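User: Please go through the labels given to this structure and explain on what grounds each of them is assigned.

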Amino acid sequence: MNIEEYMKYINHRFTIRVFQNQFPKDYRCSSCGDGVLGFVADTFQKHETQNSINWHQDEDWEPEWIEYIFTASLKCQSCSEVYIVSGTGKLEEEWDHEEGRVHYDVFFPKFFLPTIHIFAIPQQTPVEVANIIESSFSLAWSDYSAAGNKLRVALELIVAELVPNSEQTLGNKINEIPEEQADIREMLKAIKWLGNQGSHEAKLAEYDLAFSFKVIEKVLNILYPTPDDTDALMAHVKMVNQAKGSIAK
């Protein structure tokens, strides 16, 4: 797999392009899990930064030099949960066949409160692990390396649960994960390497962070699967078999 195929496989970006009248539908409400988020009317506020205002005095000034900060409220169209979003913005140029050179505002969210979840954390996930992963979500929009470092912390907790009595280094602990969990072992190694890069070099790329989230989502779903109707059904099957008939007596 070459780098182009790798990036296409990841298919997730944390650099969201937002326009003042529309929020992308790809990012859903973390409270209900599926609701579409939309801007609350009259809450979008943008301000040109002071440095940007000062640059207007430069004889070489171009509109593309403009920098904004913005804040707005978002509301889930399903459960009515409210979010606050803030970030940066700028002018981008586009060529219009009728009007010629035109400029428009584009904005880039950096912080959400409450946090927008990158994926649904399984309900059976230990609370401490879930909290750290959620804190990684909150950093993903503004600092890829810091978010990757948080995932490495979550990884340490997961490995400690899988290899509870080991006093080895993290890498050696991962190697001690038994062969029947070989796939998990390899996935955790990948997160460790990328987490190390985020921690020590502070150069984690956007697509590497997206890959790390994809891997840890898979690990969590394997280790802490959400009970489904099949589990309840099979429990009922076992009781009927033991009773050799109806249990509703």
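**Labels and their grounds**

User: Which residues are linked in a network of salt bridges?

Analyst: The linked residues are E179, R185, E186 and K189, where a salt bridge requires a side-chain nitrogen of Lys or Arg within 4 Å of a carboxyl oxygen of Asp or Glu. The model is a predicted one, in which local features need pLDDT of at least 70 and side-chain atom pairs count only at pLDDT 80 or more, while totals for chains, interfaces and linings use all residues. Residues are numbered from 1 along each chain as its sequence is written, and side-chain values use heavy atoms, with hydrogens and water left out.

User: What makes the pair E186 and R185 a salt bridge?

Analyst: The N to O distance between their side chains is 3.8 Å, and the pair therefore meets the criterion for a salt bridge. The partners are classed by relative accessible area, with buried meaning under 20%, exposed over 50% and partly exposed in between (1.4 Å probe, protein chains only). R185 has 12% and so is buried, whereas E186, at 42%, is partly exposed.

User: How many salt bridges does the rule give, and how do you know that R28 and D34 form one?

Analyst: The count is 7. For R28 and D34, the closest N and O atoms are 3.5 Å apart, and therefore the pair qualifies. R28 is called partly exposed because its relative accessibility is 31%, and D34 is called exposed because its value is 52%. Another of the salt bridges joins K90 to E92, with closest N and O atoms 3.8 Å apart; here K90, at 34%, counts as partly exposed, while E92, at 15%, counts as buried.

User: Why is D143 said to cap α4?

Analyst: A side-chain oxygen of D143 lies 3.3 Å from the backbone nitrogen of S145, at the N-terminal end of the helix. That pair therefore satisfies the rule for a polar contact, namely N or O atoms within 3.5 Å, one able to donate a hydrogen and the other to accept it, with residues adjacent in sequence counted only if both atoms are side-chain atoms. Helix α4 itself covers residues 144-162; helices (H or I, at least four residues) and strands (E, at least two) are DSSP runs numbered from the N terminus.

User: How does the span of α4 compare with the expected one?

Analyst: Its 19 residues reach 27 Å from the first C-alpha to the last, close to the 27 Å expected, the expectation being 1.5 Å times one less than the number of residues. Helix α7 (residues 206-223) gives a similar result on its own terms, since its 18 residues reach 26 Å, close to an expected 26 Å.

User: Why is S136 called buried or exposed, and which residues does S136 touch?

Analyst: S136 is buried because its relative accessible area is 0%. This residue of helix α3 (residues 127-140) touches A147, K150, L151 and F213, not counting residues up to four places away in sequence, contact being heavy atoms within 4.5 Å. Among these partners, A147 and L151 belong to the buried residues of α4, and F213 belongs to those of α7.

User: What makes the phi of D42 and S80 noteworthy?

Analyst: The phi of D42 is near 65° and that of S80 is near 70°, both being positive values in residues other than glycine. The background is that most residues other than glycine have a negative phi, and most peptide bonds are trans. D42, in the loop between β1 and β2 (45-48), is exposed because its relative accessibility is 81%, whereas S80, in the loop between β3 (67-76) and β4 (82-96), is partly exposed because its value is 41%.

User: Where is there a cis peptide bond?

Analyst: The bond joins L113 and P114, with omega about -5°. P114 is in the loop between β5 (100-113) and α3.
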